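Colleague: Before I plan anything around this assembly, could you take me closely through a single part of it, and tell me how that part sits among its neighbours?

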Amino acid sequence: MSNSLKYPSGKAGLGPGSLVHVGDVHEPITRLAVVSYNQNHYEQHSVLSPDEITAYHNKETITWVIIEGLSDASVIEKIGEQFGIHSLVLEDILNTHQRPKLEENENYLFVVLKCLMPNQDKFSVSYEQVSMLVLDNIIFTFREKTDPLLNPVLKRLEKSHGRARSAGPDFLMYAILDTIIDQNFEILDRLDETLVSLEAEIFSDSNPTLPARIHDLKMEVIRMRRYLAPVRDMTAALLRSESALIHEHTVIYLRDVHDHVLRIIESLEIHRDILSSLLEIYLSSISSRLNEVMKVLTIFASVFIPLTFIAGIYGMNFEHMPELKWAWGYPAIWGVFISTTAGLLYYFRRKGWI
Amino acid sequence: MSNSLKYPSGKAGLGPGSLVHVGDVHEPITRLAVVSYNQNHYEQHSVLSPDEITAYHNKETITWVIIEGLSDASVIEKIGEQFGIHSLVLEDILNTHQRPKLEENENYLFVVLKCLMPNQDKFSVSYEQVSMLVLDNIIFTFREKTDPLLNPVLKRLEKSHGRARSAGPDFLMYAILDTIIDQNFEILDRLDETLVSLEAEIFSDSNPTLPARIHDLKMEVIRMRRYLAPVRDMTAALLRSESALIHEHTVIYLRDVHDHVLRIIESLEIHRDILSSLLEIYLSSISSRLNEVMKVLTIFASVFIPLTFIAGIYGMNFEHMPELKWAWGYPAIWGVFISTTAGLLYYFRRKGWI
Amino acid sequence: MSNSLKYPSGKAGLGPGSLVHVGDVHEPITRLAVVSYNQNHYEQHSVLSPDEITAYHNKETITWVIIEGLSDASVIEKIGEQFGIHSLVLEDILNTHQRPKLEENENYLFVVLKCLMPNQDKFSVSYEQVSMLVLDNIIFTFREKTDPLLNPVLKRLEKSHGRARSAGPDFLMYAILDTIIDQNFEILDRLDETLVSLEAEIFSDSNPTLPARIHDLKMEVIRMRRYLAPVRDMTAALLRSESALIHEHTVIYLRDVHDHVLRIIESLEIHRDILSSLLEIYLSSISSRLNEVMKVLTIFASVFIPLTFIAGIYGMNFEHMPELKWAWGYPAIWGVFISTTAGLLYYFRRKGWI
Amino acid sequence: MSNSLKYPSGKAGLGPGSLVHVGDVHEPITRLAVVSYNQNHYEQHSVLSPDEITAYHNKETITWVIIEGLSDASVIEKIGEQFGIHSLVLEDILNTHQRPKLEENENYLFVVLKCLMPNQDKFSVSYEQVSMLVLDNIIFTFREKTDPLLNPVLKRLEKSHGRARSAGPDFLMYAILDTIIDQNFEILDRLDETLVSLEAEIFSDSNPTLPARIHDLKMEVIRMRRYLAPVRDMTAALLRSESALIHEHTVIYLRDVHDHVLRIIESLEIHRDILSSLLEIYLSSISSRLNEVMKVLTIFASVFIPLTFIAGIYGMNFEHMPELKWAWGYPAIWGVFISTTAGLLYYFRRKGWI
Amino acid sequence: MSNSLKYPSGKAGLGPGSLVHVGDVHEPITRLAVVSYNQNHYEQHSVLSPDEITAYHNKETITWVIIEGLSDASVIEKIGEQFGIHSLVLEDILNTHQRPKLEENENYLFVVLKCLMPNQDKFSVSYEQVSMLVLDNIIFTFREKTDPLLNPVLKRLEKSHGRARSAGPDFLMYAILDTIIDQNFEILDRLDETLVSLEAEIFSDSNPTLPARIHDLKMEVIRMRRYLAPVRDMTAALLRSESALIHEHTVIYLRDVHDHVLRIIESLEIHRDILSSLLEIYLSSISSRLNEVMKVLTIFASVFIPLTFIAGIYGMNFEHMPELKWAWGYPAIWGVFISTTAGLLYYFRRKGWI
């Protein structure tokens, strides 16, 4: 929790539009790569400065600029100047606490997204903000980290000679969205496994750490849903968008992405309900067990306490206790013991306790 | 649970539009059957390859192609090529983790549906994805399994000389939808019986497996609702649709199907509420019983512990204990025993415990 | 429960539009009555067959046909043929598991309604489906049972010379709707009385049947709400309707009915909330009592168990126990008993337990 | 509860539009008062019959007719005849179980409102229906009771020479609405005080009447919300209204009233949430206390029961018990007592119970 | 609670539009400051009376009038007269119990806002109402308190030569909104820290004050949400507004503010869910502990009570008890003790209690 619900309070006093990176620094260096392609052509370069982008950017090819690491605000600033991006948009790129959203400007689309990635060791999710700028024939992706997340998209571009290479930057945007969102299905798979094992534990054993684990999982699901609900609004806005930057043929693909987001959110809501239900079940299983414990105690105590009292009576040292002298006193008292026990056990059996 | 909440994570790296079957394989072989009919004519054939469909497809008859088993992606691919179906639609047909939905394209309607079938042994439901492609005078149904689900529709077509034979593929689509959705009423019947028996058990006996069974049933209801909520959206979209493929006279029939879906979803919501309520009732009945157990323990312990103490006093071996020598000591102590017990019982009676 | 949540699963295999009565049979015979009236004229007849209706149906009068009992599907079929009613509508009339709804066709309105009637013995509600067909100057009401439900409407028609006799079939439809819906107020009255008595019981006594009764009542309220929510949609649709069959002057009356439905549904929702709250209160009152029981047990056990131990010490038979020979041993041990008791009672008083 | 959730079941058989007072009779006599005013002029009269209203009603002044007590239906009937009011509206005025609403007719507005008044002794609310008829230059207010509720409005009219006297009946309607709705703020104040004192009690003391009081308060809040939710719809409808009877300059004032209603409803919703939360807190505080009680019991019982057993061993009368003859037997047994106690206390300390 | 849920009941009898300060008085004196600026020019003055404002107000500069402290209603009244503000707006400025809202009048915008400020000592929030009047080239801000809240805005105006100085009063309004709303992020940070420490406590220790603290925090979150929900509506209305006072270029900045409000409200809703979940977890951890306590008690009592009874038997003083004379009686009884204990411990182990 400590990590993912933090807020950028440090900037409250600053003016709007001032370019500073806000958020955790995952990469100390800002790396740039330029991919430029069309149906016949594909090349990929690492560049050192945004100034070099122009060298690879021409009318015949689609240019994809990948920026990894956001600590160097000057890189973002230069891109903004070169391509006429509003300063508030640049500020949103640098601030990694954005809500996912779509902003349509005259010359470009701005997309902010959260990428959810499962952690290896146990069920927990780490979040990365990915933002995209889609212009006429150039697309920028801004990421916090350097990892192989977008490699499948790169590979497809490199190898494929189909739609991906011939279509415009809107199709590339779709391919990136699709890759990032389908990542969530893996998380749902792992969540599912975790739920199944939790369910098994609840009915097998009274594990006092169970509520804490259910709580943690529920918090994770709530947090995931928090990041994905605005993604749904964003893809819906993309579908409704009348921007000239989104070609008619791409809409059916975006509808596919939107369907996936809906499916993921529905699953998360069901998982949240299941987790709430599991906690209730856990509570009721504790109550059932407590009931059983108390029955055992009650039966033992209720049977032996009266017997002990009777034994106590004949342990008294009064001088005049006629029973003590009877020949059949001792066997008689055993009769009392046995019949009292039998009576009590019959009473508890009739109550359904034994 | 393990079965129905799984997600297709295996495809995240693949490109969109690649045709691979995603989901559990229920049938190793993909079977094709062609039904072609008009008001005067009815014939049904098994075919081995999609190429043979054309032989039975002509302007005078309606052609219904039934595909059972989705493991052979090439069959779907060939159909897509022959009839001009978008590759994303083909991909959705092969991926059996779709949300139910309606997609209207220029030349065809694409309907994805979940068919819910009750299992024989206990209350649980198995899910099958059924998708339909409705073209001008041909209709395709894609199913995961081979079972007699659509037999009633086939029989009606064969025997009837009424509306079913004279109307277009939209009416056939309606007949299939109707058959699949009315299947749910049987499930609701069985759910109802299960609920009645659960209710009876709660008040008769403290059954520790009850919460688990209520939980399982609730999960099943939640899952059913999850599959049916998008079906409602789909039938509503069919009603609103302005596609030329849906004839005016069919709309009143589709309204009927939509009404059934609404009725089923309402029932599921009520069942979910009832199940939640049952768990609460179960918890309160456990608490009531615990209360009763504790009262019995408290009465026994509170009456006999003081008596045992008194008996203990006169069991002490002090040399100077004048009571022990009194002639009436022993009867007197019995008086103390009896009056203490009476006093305590009077106290508990006033408290309303006995 | 067993009765009112049943679904018509028996028809799943049948074709749409086949006329069979679906539901419980309340009347073995189907009775027909024809009322024909205008401002100056009123007559009422029993008829044996739908063919006789024409005899009483003319342009100058409004004709009201009352059908009671739905077991004879042929009666409905004949009416459908004579007056040009769609076969799906006829099917809906015969299937008494419909959702309340309004269907506007070119020549007629079709209204399905649930009539809720309180049972005499205890709080429970029985349901009857009432459907109406409103044509130009004829109205049909279809009922499952023969009972005096619609008598007030008949009496008003017979006696009155006001609006009811001069207005068209839409006003008669309103009068019937009004009578059926106002029936619910009586049910709400009885529900209210039941709630007040439940509330009184909760705080007076630990009644183990209370949760079951609250549960039953809640289920009844949920079921009532389930039948009335679509009635609200139906009256709203009537208000919005642009059908020529509903005259402008009737709309203000329909608004009145709609208001009543809203009022009833709001009350039901509040009652449901109250019932949920009552169960919580019951649980908390059980917990309070358990707490009290445990305090009594704890005080008794904690005071007497140490005393018994002390008495036990001096009941030991060691040869060398100097205290036993002291002259003041026995009085001293009483001092120990009394001071231990006082100390423990002081401790419990400080804890706020006594 | 018995008072405010009653429904008018007595009228179910009657025809619509029949004028009978439905509801509790608060005033046996129906009083009429006429206020007539313009910018320069103000007079107030008691009248005995609706016929006298015409004497004070002319084009130059605004006439305000105040009717208190609804038992005499003939008064309402006469007013209806004189001013052309629809019989259903008159019926609604006489039936004090109306939902608050606005009805716009051609010549008049009809407003029904619930006035909530705090009772003096404890937190509870009594309800009065106030309805208003706003015509071109005359306004009628119908009330169930005679009390000083509308005196502030009368005083302002009498004294002021501002807007209130120069504006039309719509402004007077606003002033009455405003006075009635602002009444609720006093109730919210008292509700607030009650909540603060409840909160204090929960954490100070185990008061078994607390759940009942929380429940009562919650029911009161639910009931208040029930009456105010349609008031919100009503004021919103007034704002949207295009009736010529509401002058443009009054709209800003009505917006103010609407804001107040929104504010009150929001507060009620928060109070309902707080009350639900309080009940949970109460339950958890009971559980905490029970836990503490049980710990004390467990410690006492677990320490002394083994000691008593050991003492019991050496209280046995076997002839051959070598320990009894040992010189150090008695001191040794004390050693056993002390070390057992120390061991158990150490065990409980490690468990965190002491 | 006592502070922030109070309502202005004292004004119920007063007429609308009467100017009196309603709410807590934070500042006994009303201070006025005038800032006037354009791209080249910046000056700031303290003034004593609203009459002096005109001296600094001219067509070439933007004038910002800061009013701190609302106790002196005459100041507000004079401003209203000078600039033609509606009396209801003035009344809303003086009443610090307003809902946040936007009112668009012909010549000015009226914005009411709640500023939430964290208190230093523990997690609690204090509320201040800030209202703004935006006219053509003058803006008024009305505040309850004198504190450095708006200093960052003043500093930016003074130093900057960018957008802030060249844009109109709508941009200044944005800058103030932004500063006030970003304040909330600091509160969310502190809320987050408090939640993390609460979570840690729940699982480490049974702290009886925990439910009270969770409840307090939840109430604070509910209250914050109550103030921020209408702020969201207000910023949304600003975005939709077609007022000429809001320039096209400012809209993108307002969208930024709106995004922040959405983000804050989402976080609050998640925090509310977390707090509800924490209480449930706390309850379940108490139940788990109770279960453990009861097991210890049951094991101790169930083992030693039977043993004590057996010892009690041989402590009886019957003359004829043959076992007492047996040479192996005492060792035999030890055998009975040990085997009984072993049997019981085996039984509890099989039950999974030890």
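**A strand and its two partners**

Modeller: In this predicted model, strand 6 of chain B passes into strand 7 of chain B by way of a hairpin of three residues. The two strands on either side of that hairpin, strand 6 (residues 125-134) and strand 7, are paired in the antiparallel sense, with five bridges between them, and within strand 7 of chain B it is B:F140 that serves as the bridge partner of B:L133. Strand 7 of chain B is also joined to strand 3 (residues 62-68) of chain B, this time by six bridges and with the two strands running parallel; here B:T141 of strand 7 stands opposite B:I66.

As for the side chains, in a regular strand they alternate between the two faces of the sheet. In strand 7 of chain B, the residues B:I138, B:F140 and B:F142 point one way, while B:I139, B:T141 and B:R143 point the other way, and all of them are buried. Because six of the six residues of strand 7 (residues 138-143) of chain B are buried, the strand is largely enclosed by the rest of the structure. To put the two partners together, B:F140, the bridge partner of B:L133, belongs to the set that points one way, whereas B:T141, which is buried like the others, belongs to the set that points the other way.

Definitions and conventions
Residues are numbered from 1 along each chain as its sequence is written. Chains are lettered from A and ligands numbered from 1 in the order in which they are written. This is a predicted model: local features need pLDDT of at least 70, side-chain atom pairs count only at pLDDT 80 or more; totals for chains, interfaces and linings use all residues. A residue is buried if 20 or more other C-beta atoms lie within 10 Å of its own, exposed if 12 or fewer, and partly exposed in between; C-beta atoms are placed from the backbone. Helices (H or I, at least four residues) and strands (E, at least two) are DSSP runs, numbered from the N terminus. Two strands pair if DSSP finds at least two bridges between them.
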